[in-house]
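Hi,

Here is the structure I promised to pass on. Have a look at it first, and my notes follow underneath.

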Number of protein chains: 2
Amino acid sequence: MMTDAAVEFSDFRVAALAGGVGGAKLVRGLDSVLQPGKLTVIVNTGDDFVHFGLQICPDLDTVCYALAGLADPMKGWGRADETWQVFTSLAELDAPTWFQLGDKDLALHLERTRLLQSGWSLSALTRGFCDRWNIRSRVLPMCDEPFRTRVRTAEGKLLDFQEYFVRERCEPKVQEFVFAHAENIQAAPEVLPALLEADLVVLCPSNPWVSIDPILHLPGIREILQEKVVVAVSPIIQGKTIKGPAAKMFAELGIPPSSLSVLDHYADFLDGFVYDALDREVFQNYDAERIILYGTDTLMKTDEDKTRLAAEVLRFGQNLISRKAP
Amino acid sequence: MMTDAAVEFSDFRVAALAGGVGGAKLVRGLDSVLQPGKLTVIVNTGDDFVHFGLQICPDLDTVCYALAGLADPMKGWGRADETWQVFTSLAELDAPTWFQLGDKDLALHLERTRLLQSGWSLSALTRGFCDRWNIRSRVLPMCDEPFRTRVRTAEGKLLDFQEYFVRERCEPKVQEFVFAHAENIQAAPEVLPALLEADLVVLCPSNPWVSIDPILHLPGIREILQEKVVVAVSPIIQGKTIKGPAAKMFAELGIPPSSLSVLDHYADFLDGFVYDALDREVFQNYDAERIILYGTDTLMKTDEDKTRLAAEVLRFGQNLISRKAP
């Protein structure tokens, strides 16, 4: 129950690392059980890109639309009750249509581009949109500077992320992910302080390779996570992803696509790992010494699912904190 | 009659200088009476601007929409059957709404911006759009480089043209028009050749100050016009403009807003001047030595009006050419 949860987690401060669709679902749950202002979401911007001259931030928008209650409930991205007049007209001009642009969504890309070109930072203008939408939590892009995730394919091509992800529909086989110059890109000003202040850090069930890893590549993040109580929620259930190419990426990189592989991916700083109860046998022989496991139903179909899972993750986190306490 | 006119003007090559709404009307008439490919329209780009990161070319679009049969017949600019979803959504974000952006119109701005950023010239991409729309005539932006018409107000402010024209609704009193660095901006590659090849040059009933003057400021244009047979059509009838601020500009610059002032404005290269028959008394005592006058109904409400006026202007031009011939 929402009221009980809000009392339960009063003053509990959480920083969540998130990508797009899966991340946005848990973030919506966390937002509903935590007190206003106690949740900070640090969002991947590695798949941001410029299209038709506009700055497009797919993960940031998915998270914001979810928190604002504007998201399309079926697709998981974009806006509810969207219209497509501009997109239809682009097609009539033989313009590229591999990236779908809804009319309402376009307004956000236009205004963001205008504000960026007027000298606003991505952090500041995102705060403005969140205020406009009465979002209770704080949403931070992981960095204000451009960060470009690219995909090196088995054929040796280097693709921009959206070219790989949307235009090529994740079909090329992945050899590696390239985060060029990531070591020189500073996290956005509020990101490291938000992590330092947090009682608990949650890694949302987002793609480890292209949603969470870009955030982890920014200078200072891993060092803080090693000092913090960190819980990750597996985006993989029974070797598959609910949405997106994470399982395919694991396989192409020669790693078994399982929730255990996700745990291993974060092992150096993780304190707790939430996996789906269907994966119980995956962890049957897992020797949980440092990393504590928690199995539950992680599939989030409804808002109730999101709230229930968020509350479970937070309670699990609080347990880990009390274990760690001297 | 269209067929007769097409025969009448077979092989007759015309270059028309045009701005937005008024220019587009005569251009549509000229396009319908001339043979395909025989009309070249050289369009003002001095009021182009960047808005929300998009390159917007108001006059070029008005001319192209008119020739493509896509124009809004009531407003004279923008597209027929337009929708406004993006614009409504921009307003919901508290974004600037002083410049109206229709959904269909936006698609053109998006694709133009994409092509420019991919290295296309404005001339080349405009040709692409015209081909897509099956436009029979050739439409050229006056230049491919940015040309920024600005307005110095009586209060000493220097406004970008669209700020003055749309945002401030032409309310500030004009002191002068500023075409910074115009002497260094080359006409688009096909512009001077089109003028040299033309049998007749027509100055459309566009604003002399902000639609035609920017074109005349480009290096080489005036020199060619002095050698050519040039006919101008007055945008002023009985001291008023059908649309737009030309009459107000004349008055603020201390010049009587009359069709005679328009003639004087172009006097150094003009051969013929078409004025509205309602202005007969304005020219009662005019000593027509070098510049020949032609009075007719210049108001263009219907496509028939446009075709009729265009044919009259062309016949008048042919007369001037035969007079000039040795």
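Which residues of α9(B) are buried? They are B:P208, B:W209, B:V210, B:S211, B:I212, B:D213, B:P214 and B:I215. That makes helix α9 of chain B, residues 208-216, mostly covered, with eight of its nine residues buried. Before you read on, keep in mind that this is a predicted model.

Next, the two chains. A turn of 180° with a shift of 0.0 Å along the axis lays chain A on chain B, and the RMSD is 0.0 Å. The two copies are therefore related as by a two-fold rotation axis. If you want to find that axis from chain A, go to A:G53: its C-alpha is the one in that chain nearest the axis, 3.2 Å away. Both copies use the same surface, too, as 100% of the contact residues of chain A recur in chain B.

I also looked at a pair of helices in chain A. Helix α2 (residues 21-33) packs with helix α3 (residues 58-68) at an angle of about 35°, and their axes are 9 Å apart. The crossing of α2(A) and α3(A) is right-handed. On the α2(A) side, the residues that meet α3(A) are A:V21, A:G23, A:A24, A:V27, A:R28 and A:D31. Their counterparts in α3(A) are A:T62, A:V63, A:A66 and A:L67. Sorted by class, this contact between α2(A) and α3(A) has six nonpolar, two polar and two charged residues.

Shout if anything is unclear.

Cheers

Note on methods. Residues are numbered from 1 along each chain as its sequence is written. Chains are lettered from A and ligands numbered from 1 in the order in which they are written. This is a predicted model: local features need pLDDT of at least 70, side-chain atom pairs count only at pLDDT 80 or more; totals for chains, interfaces and linings use all residues. Copies are superposed by least squares on the C-alpha atoms of residues with pLDDT of at least 70 in both. Two residues are in contact if their C-beta atoms, placed from the backbone, lie within 7 Å. Axes are lines fitted to C-alpha atoms, for helices over the stretch in contact, and angles run from 0 to 180 degrees between N-to-C directions. Helices (H or I, at least four residues) and strands (E, at least two) are DSSP runs, numbered from the N terminus. A crossing is left-handed if the near helix is turned anticlockwise from the far one by less than a right angle, and right-handed if clockwise. Ala, Val, Leu, Ile, Met, Phe, Trp, Tyr, Cys and Pro count as nonpolar, Asp, Glu, Lys and Arg as charged, and the others, Gly among them, as polar. A residue is buried if 20 or more other C-beta atoms lie within 10 Å of its own, exposed if 12 or fewer, and partly exposed in between; C-beta atoms are placed from the backbone.
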